[in-house]
Amino acid sequence: MYNFIDLVNNIFKRGDIMEMEMEMDFKSFYMNLRKQWKDLNSKLKNKLEEVGLSSQHVSYLIALATNKDIKIKELNNLVGNDPALTTRVLSTLFLKEFVAKTEENTRKCKLYLTKKGEDLVNSLENIFKSISSKISKEDFLQLTNIKLN
């Protein structure tokens with residue numbers, strides 16, 4: 001995982017961005033991006049704390065929102081975490097009734113978001129949209145296309 005400074009440094013190392021005419025200097029760009037990042041993280045953290053979850057759970061919720069009825073192994077591969085972490089995260093999501101499974105047999109069951117889980121994902125998505133709406137579409141697309149080493 002990259003920290004914020006690595007992200008900004010990699011943005012400015014990319015040739016195509018360096019060739020672009022930028023209206024802001026590095027300091028302004030960094031400070032603006034950092035502010036948006038902190039704002040997003042703060043709002044997401046607050047929402048997650050309301051329901052007793054952490055940022056660790058978000059990738060699983062998003063993966064389940066975009067991949068209906070998938071097996072635990074498929075979810076684990078999709079998220080890219082080790083099986084033990086996936087088991088711990090899913091235990092919390094089951095306990096808090098954000099995720100359910102089609103049957104008790106772990107090998108055969110498929111996972112899906114409950115209505116409560118869907119509502120939470122929608123709420124997180126709305127938080128993201130409120131922050132991302134402050135960034136132009138072109139800037140957002142440029143940021144999402146950054147490939148870090």
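Visitor: Which backbone oxygen does the side chain of Thr-114 reach?

Guide: That of Glu-97, at 2.7 Å. The cut-off for such a polar contact is a pair of N or O atoms within 3.5 Å, one able to donate a hydrogen and the other to accept it; residues adjacent in sequence count only if both atoms are side-chain atoms. This is a predicted model, where local features need pLDDT of at least 70, side-chain atom pairs need 80 or more, and totals for chains, interfaces and linings use all residues. Numbering starts from 1 along each chain, and side-chain values use heavy atoms, without hydrogens or water.

Visitor: Is Thr-114 buried or exposed?

Guide: Buried, at 17% relative accessible area (buried is under 20%, exposed over 50%, partly exposed in between, with a 1.4 Å probe and protein chains only). Glu-97, by contrast, is exposed at 52%, and its phi is positive, near 65 degrees, though it isn't a glycine.

Visitor: Now helices. Why do the buried residues of helix 5 line one face?

Guide: An α-helix has 3.6 residues a turn, so residues three or four places apart point the same way. In helix 5 (residues 72-79), the buried ones are Leu-75, Asn-76 and Val-79. Seen down the axis, they fall within an arc of 100 degrees, so they line one face; the arc uses directions from the helix axis to the C-beta atoms. Helices here are DSSP runs of H or I, at least four residues, and strands are runs of E, at least two, numbered from the N terminus.

Visitor: What covers that face, and which residues are exposed on the other side?

Guide: The cover includes helix 4 (58-66), helix 6 (83-95) and strand 2 (111-113), counting contacts as heavy atoms within 4.5 Å. Lys-73 and Asn-77 are exposed on the other side.
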